[in-house]
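Thank you all for coming. I would like to walk you through one model slowly, starting with the overall picture and then moving to a few particular places, so please have it open in front of you.

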Amino acid sequence: MSRQDHIREFAAQALADGRVDYFIGWKQGYNSSEVVPAFVKDPADVDQLIWTPLCHHNLVTFIKRNMPDPADAKIGLCVKGCDSRTLVALLQEELVDKEKLYVVGVPCDGIVDRRKLEKEFADELVDIAFPERGRVVVTTGKGETREFAQDDVLLDVCGRCRYPNALYADDVAGPLEAEPDREESGPDWSDIADFENLSDDEKQAALERVYATCIRCFACVHVCPVCVCWDKCVNRSREPELVAQKVGAKENLLFQMIHMFHVAGRCTSCGACDRACPVEIPLYLLHRKMNKEIYDMFGFEPGTKLDEKPVFQLFDLATDHFGD
Amino acid sequence: MRIGVFVCHCGSNIAGTVDVDRLAERALTLKDVVHGEDIMYTCSEPGQAAIQKAIEEKKLDRVVVAACSPHMHEPTFRRCVDKGGLNPYLFEMANIREHCSWIHTDMPVATDKAWDIIKMAVAKARRLEPLFSNEVEINKDVLVIGGGVAGIQAALDLADAGLKVTIVERETTIGGVMAKLDKTFPTIDCSACILTPRMVDCGQHENIELMTYCEVDKVSGYVGNFTVDIRKKASMVDWSKCIGCEICVQKCPSKAPDVFNVGLEPTKAIYIPFPQAVPKRAAIQTEYCRYFQTGKCKVCERVCPADAIDFEQKDEIVQKRFGAIVVATGLDVFDWETGYPEYGGGKIKDVISGLQYERMLNASGPYGGHVHRLSNGEDPKTVVFIQCVGSRDESVNRPYCSSVCCMYTAKQALLTKDHCGSDVEVYVFYIDIRATGKGYEEFIKRVQTEFGVKYVRGRVSKLYEDGGKVMVRGVDTLLGEQVEIAADLVVLATGIQAPEGAKDLAQKLNISYDEFGFMKEGHPKLRPVETNTAGVFLAGVSQGPKDIPATVAQASGTASKVLGLLAKDKLKTSPMIAIVDQKNCVSCWKCIDVCPFSAPEKQEQRDGTFKSHVIETVCQGCGVCVATCPVNTISLKGFPTDAILDQIEEVLQPTPSH
């Protein structure tokens, strides 16, 4: 039985039992090259649920604080390993109620970066097929077809994945994926090495350059599963006006800095912000740098242990790292 | 708005490096500033009068004083403007001394910086609003944690003044370390003879409740209104029945280490630490009890005339409320066996700690006061004392002086001569002698001259056994040569360390401690018994090593501070606390996570949702929640966010060069 079949079966069962009011998974988008989130309320509709290496959406975004509608809805959802960490982060803060959730863990061997594929073609993509594990066959509007190895076109985050299986789930869709030995090897920070090697001035310049094109659509914060302020976001507040409303590299950078600090110790590097950005800003950069600092200083990996609190939400006089 | 700016010379403290006159004049160029004045000593009576005069004459509605740290004189000036007719919170202080004049030497540069600081203070002053204190009822009962001489003294002083006091002590009896001592320096009066009457007073005082064999489990609340969970540990003896007859102790077949006698000889699994224990009640150390280990025995139950043995007893939590807490948790003796392998690490029988020697000297100790060699029971001919074992030694992470060892070693040396006769050879190895108390230096001189104790200045590098003797190898730094002494008995002047569990307790109480686990006082000179948590006070060695006179004096000082606090029926709360603007609260509860005082709570709204609410009386105004709140909807009264933004903008304006 494929993972997709498992997902459909779990969803149908949970809906039929009344365990959940609706089930969140993934379905095909406007054509077979695209996947979008799916909300299924009727067991008869579970066949629209799919699982392919295009299912990049972190569905935890839809259950973050205040989102369930109605507020007491019981929700089922699929999580990949990376998504599950954001769920754990929300559970650590008691921002979601475990009792109202039904979580299906989907072991994942890597998500394909559609943008990488788009850049390979002048034409629009109309179909992305996965004839077997590891093979990606892309067809364009003009009928051009090319095959890629899945590993060559993965999202960058997937290349560094340490958690292919969900850390928190009620049911698991099929056999687990092989896990790296996490005791043996720590996180891979090579993606930010170039940035870290810059001088302070160069870093400032690099960040201003990177954020210059931001249009402040706030997609990154909306899609961020641990960013929970919604319309109260200080980045949009005029009282006090911490971030000027005018568009400019410095204001954009300040906006992202504030976001980084608000999710520091809670950001799990899921990469949802990067994928949501319509102007393709590598939003990830600042968060990764912060995550590395936190890992080096506190040995803390956000969203990995249910019984932990985010590191900056502890008032602990006895932390080993600062003596008294 | 009409702001007055007063720039203090502080003699030459500020005026020496900052051009004070020019700043006062220049302040008038700032928006809303209608008065600028430089004053020699603003905190002096004429200085304060000048402020009040200006408030009246210039109709000031905000006052900025550029002087020292608000730690020093903010309360002074708040009172001053209050008397001058302004709300005390319409005052802002610019620190141009600690933050400026004291750390700079170049006058033009320092003056520019002082100008920036003053500009910022004025910017903040514009945003200040009047604030008003609240009053809160206080509970007048006092918790004293620790029943040693410090706790006893503080409790008696407080109880005599009419307050209800609860002493929580983790052993079965009060008395602490002082109860273990033989004689006390420099007067050589018997420790038990002076302590036990105080212990009895505590036991019988109508205002004192003794909770021995108890520990503090949890502390919540705030000054005037603490709630404390106290764990009554299971003693397996019903203390309401136990009469302290010790028959159970005599008949108990199981041996157990004797903590009171510092492990010299074993006691029984059911034990009473010493005859004058208060309360005199038995307790079972279950890990050594035959019944608890094998399921068979119950001898104590059979012989107890009061039917007090209760093998089913469980720990119990008692919740009590207090207005103030005194921490008098005392000390542990340095664990020399781990720290000093070169002294045999506990393997040489005739090398003992200072506290063990106290018990050996003591007439009611395990040997009836007979000083002898533990290896063969013979009277010693040569006794060597080694000072600073676990003190002033960075190699064992004890760089501090334990402050009592020089004196107790001299006392023990004298008592050795007294017990063993004047022909016994007594040597003391020392680094230097610290005898700073009243009559201490004279005492040392007497021990050296009258009693002929030989002081050798130097460290002992090694102790080893040879031919039935303990060989003491060291150096005499005055003669500059190696010495080796064949000793019969070696006594180590083991130092003081913070007791086990001190850090845990400090965390429960939200008070700070130093790297060695001693509790931190509010100010080393001016707030020596207060902590930085209002309502929590310190007494005795919990705060740092000290001898009995200093401990007792400090305990009485602590008691007077507690009395001062609880003399009022209501406490004024600071109005400078956090407040949640609930319309923007997104219920992320980060404020609850980070608050060290448990001030924010989840408050139910009319629609059934919950939003954060800061309990006014619990909030200490530290601002952690304000900084944490992602939607910026918690503000600290007296520190409006806009004021801080204005200050930042002000300082970012380029200063025209001097």
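**Two chains, from the outside in**

Of the 324 residues of chain A, 52% count as buried, where buried means under 20% relative accessible area, exposed means over 50%, and partly exposed lies in between, with a 1.4 Å probe and protein chains only. Before going on, I should say that this is a predicted model, in which local features need pLDDT of at least 70 and side-chain atom pairs count only at pLDDT 80 or more, while totals for chains, interfaces and linings use all residues. Residues are numbered from 1 along each chain as its sequence is written, chains are lettered from A and ligands numbered from 1 in the order in which they are written, and side-chain values use heavy atoms, with hydrogens and water left out.

Let me stay with chain A for a moment. Chain A has 10 helices and eight strands, and these are DSSP runs numbered from the N terminus, helices being H or I with at least four residues and strands being E with at least two. The radius of gyration of chain A is 20 Å, close to the 20 Å that the globule rule gives for 324 residues, so chain A is as compact as a globular protein of that length; the radius is taken over C-alpha atoms, and the rule is 2.2 Å times the number of residues to the power 0.38. Along the principal axes, the C-alpha atoms of chain A fill a box of roughly 55 × 50 × 45 Å.

Now to chain B, whose secondary structure comes to 19 helices and 34 strands. Its C-alpha atoms fill a box of roughly 90 × 70 × 40 Å, again taken along the principal axes, and buried residues make up 53% of the 658 residues in chain B. Among contacts in chain B between residues at least 6 apart in sequence, 69% join residues at least 24 apart, a contact being heavy atoms within 4.5 Å.

Which residues of helix α2 of chain B, residues 20-27, are buried? They are V20(B), L23(B), A24(B), R26(B) and A27(B). These five cover an arc of only 165° around the axis, which puts them on the same side of α2(B), the arc being that of the directions from the helix axis to the C-beta atoms. It helps to remember that an α-helix has 3.6 residues a turn, so residues three or four places apart point the same way. What covers the buried residues of α2(B) includes β1 (3-8), α1 (12-15), β2 (33-39) and α5 of chain B.

Two of those covering helices deserve a closer look. In helix α5, residues 107-127 of chain B, we find T111(B), which counts as buried at 2% relative accessibility. Leaving out residues up to four places away in sequence, T111(B) touches T17(B), V18(B), D19(B), R22(B) and L23(B). Helix α1 of chain B holds S12(B), and S12(B) is exposed, with a relative accessible area of 58%.

I will finish with helix α12 of chain B, residues 354-361, where eight of the eight residues are buried, so the helix is largely enclosed by the rest of the structure. Its buried residues, among them Y357(B), E358(B) and R359(B), pack against β8 (183-184), β19 (332-333), β20 (351-353), β21 (382-389), α13 (405-420) and β27 (489-494) of chain B.
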